[in-house]
Amino acid sequence: MKIKIAIVLVVILAVSGSIYFFQNNKSVSKEDLKKTEEFLKNDLTVVYNNEGFNPKEIKIKKGDTVKFINQSDRKMWVASNNHPEHDIYPEFDQKDISLKGTEFEFKFDKSGTWGYHNHMYSNHNAIVIVE
Ligand SMILES: [Cu+2]
């Protein structure tokens, strides 16, 4: 009986461990990389894929609108730092979720260096510099 319980526990641990691993180690498929490169030909575009935001730092002019495209298998919610308050640039907060293949646009009316992140996965960070 004890052996059966031990086997069940080991199986549960292995399954939950591999689910955790695959959710946190999503790689970028060749197809997604190709799409990312295609989107980045527009210099007012940031692509979010499984590795994070690309480019990590984008320089724009005041009044420019940046398009954030979700090309990842995660939910994307773009928001200014710091997580979770989003208080350095409160207006720069998507307050919604974009699934893969959808996008969010934001017009930057304040100059400065704005750190932001994916609110749904807050260790993915990047910067918008508004000159
Ligand atoms: Cu956040």
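A residue counts as buried when its relative accessible area is under 20%. By this criterion, 34% of the 131 residues of the protein are buried. The model is a predicted one, and the values discussed below are computed from it. The protein exposes about 8,200 Å² in total, and carbon and sulfur atoms supply 58% of that area.

The overall architecture comprises two helices and eight strands. Along the sequence these elements follow the pattern α-α-β-β-β-β-β-β-β-β, with both helices preceding the strands. Among the contacts with a separation of 6 or more, 52% join residues that are 24 or more positions apart.

The metal site may be considered next. A copper ion is coordinated by four histidines, with His83 and His117 contributing ND1 and NE2 respectively, and His86 and His119 contributing NE2 and ND1 respectively. The coordination distances are 2.1 to 2.2 Å. In sequence, the donors display the spacing H-x2-H-x30-H-x1-H. The angles among the four donor atoms run from 90 to 143°. A tetrahedral assignment requires all angles to lie between 85 and 135 degrees; because the range at the copper ion extends to 143°, the tetrahedral criterion is not met, and the site is classed as irregular. For reference, the ideal angle for four tetrahedral donors is 109.5 degrees.

Two of the copper ligands can be set side by side in terms of accessibility. His86 has a relative accessibility of 4% and therefore counts as buried. His83, by contrast, has a relative accessible area of 35%, so this ligand is partly exposed.

Charged pairs form the next topic. Side chains of opposite charge can pair when their charged atoms come close. The structure holds seven salt bridges. One of them joins Asp32 to Lys100, with the closest N and O atoms 3.0 Å apart. This pair links distant parts of the chain, the two residues being 68 residues apart. Asp32 belongs to helix H2 (residues 30-39), whereas Lys100 lies in the loop between strand S5 (78-80) and strand S6 (103-107). The partners also differ in accessibility class: Asp32 is buried because its relative accessible area is 5%, while Lys100, at 37%, is partly exposed. Asp73 joins Asp32 and Lys100 in a network of salt bridges.

Further salt bridges include the one between Glu38 and Lys41, whose closest N and O atoms are 3.3 Å apart. Lys41 has a relative accessible area of 64% and therefore counts as exposed. Lys107 and Asp109 form another salt bridge, in which the closest N and O atoms are also 3.3 Å apart. Lys107 is partly exposed at 44% relative accessibility, and Asp109 is likewise partly exposed, with a relative accessible area of 44%.

The surface also carries a nonpolar patch, formed by Ile97, Leu99 and Met120. Together these three residues present about 260 Å² of accessible area. Met120 is located in the loop between strand S7 (112-118) and strand S8 (121-130). A residue needs over 30% relative accessible area to belong to a patch; Met120, at 38%, is partly exposed and therefore satisfies this requirement.

Key. Residues numbered from 1 in each chain as written. Predicted model: local features only at pLDDT ≥ 70, side-chain atom pairs only at ≥ 80, totals over all residues. Heavy atoms only, no water. Donors = N, O, S within 2.8 Å, 3.2 Å for Na, K, Ca; no water. Tetrahedral: all angles 85-135°; square planar, octahedral: opposite > 155°, others 65-115°. Buried < 20%, exposed > 50% of the residue type's maximum accessible area, 1.4 Å probe, protein only. Salt bridge = Lys/Arg side-chain N within 4 Å of Asp/Glu carboxyl O. Helix = DSSP H or I, 4+ residues; strand = E, 2+ residues; numbered from the N terminus. Patch = residues over 30% accessible without salt bridge, like charges linked within 9 Å, V, L, I, M, F, W, Y side chains within 5 Å. Areas by Shrake-Rupley, 256 points an atom, 1.4 Å probe, with all protein chains shown as cover. Contact = heavy atoms within 4.5 Å.
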